[in-house]
Amino acid sequence: MQGKMNITEEVRKFVENECKKPESKYGNEPYLCHFLPVASYSKILAKKFGADEEIVEIVAWLHDIGSIVYGRENHHITSAEIAEKKLRELGYPEEKIKIVKKCILNHRGSVNNKRESKEEQIIADADSMSNFENVSGIFKAAFVYENLGQIEAKHETRKKLENCYNKLSEEAKKIIKPKYEAAMLLLE
Ligand SMILES: [Fe+2]
């Protein structure tokens with residue numbers, strides 16, 4: 001490693017620390033239940049697609065950091081800003097910071113931006129795939145934040161997982177299919 005610091009590890013630690021701060025919006029759950037699976041699926045997909053693994057992992061850790069620090073509104077923009085600042089501080093090359101920012105800005109399925117690179121597609125995929133590692137989190141949102149009853153919560157969870165699956169690229173679908181089918185069976 002030529003005495004160089006491990007940039008992905010530095011970024012991971014930064015995100016973990018932000019999540020653990022007492023003022024962080026949702027406690028440590030986003031780190032464990034979202035960032036971690038997004039990072040691991042990103043790495044799997046980066047290998048499959050021959051994408052830049054380092055960039056993809058950095059984006060995975062930072063893509064939602066804005067929602068931890070400021071809340072969900074416009075978190076693609078706030079996350080990109082935090083990422084830029086942090087990566088500059090760490091001496092990450094400017095041309096790579098540009099790619100990271102673009103991936104973060106384009107990661108939201110609900111915000112209609114064109115995805116031009118495989119890195120951008122990978123993050124969008126991994127973000128959706130992470131929901132299949134966190135079905136309890138979808139139920140929690142339905143019960144706690146939306147105040148739904150059991151039947152509606154089950155219906156909402158099924159709908160959310162269906163939407164997530166339908167948005168995936170063909171490669172990502174192949175990976176997640178057994179979990180998708182299991183979820184559809186259980187949430188009938
Ligand atoms: Fe996300």
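**Exercises on the iron site and the cysteines**

Asp 127 is buried, at a relative accessible area of 14%, where buried means under 20%, exposed over 50% and partly exposed in between, with a 1.4 Å probe and protein chains only. The model is predicted, with local features needing pLDDT of at least 70, side-chain atom pairs counting only at pLDDT 80 or more, and totals for chains, interfaces and linings using all residues. Residues are numbered from 1 along each chain as its sequence is written, and side-chain values use heavy atoms, with hydrogens and water left out.

**Exercise 1.** Determine which residues coordinate the iron ion.

*Solution.* Start from the donors, which are N, O and S atoms within 2.8 Å of the metal (3.2 Å for Na, K and Ca), bearing in mind that water is not among the atoms, so sites may look incomplete. The iron ion is coordinated at 2.0 to 2.2 Å by NE2 of His 34, NE2 of His 63, OD of Asp 64 and OD of Asp 127. Next, place two of these donors: His 63 sits in the loop between helix H3 (53–62) and helix H4 (65–69), while Asp 127 belongs to helix H7 (residues 118–129), so the pair ties together parts that are 64 residues apart in sequence. Finally, His 63 is buried, with a relative accessible area of 0%.

**Exercise 2.** Establish how many disulfides there are.

*Solution.* Apply the cut-off, a pair of cysteine sulfur atoms within 2.5 Å; the count comes to zero disulfides. For Cys 19, the nearest cysteine sulfur is that of Cys 33, 10 Å away, and for Cys 103 that of Cys 164, 19 Å away. Cys 103 is buried, at 1% relative accessibility.

Conventions: Helix = DSSP H or I, 4+ residues; strand = E, 2+ residues; numbered from the N terminus.
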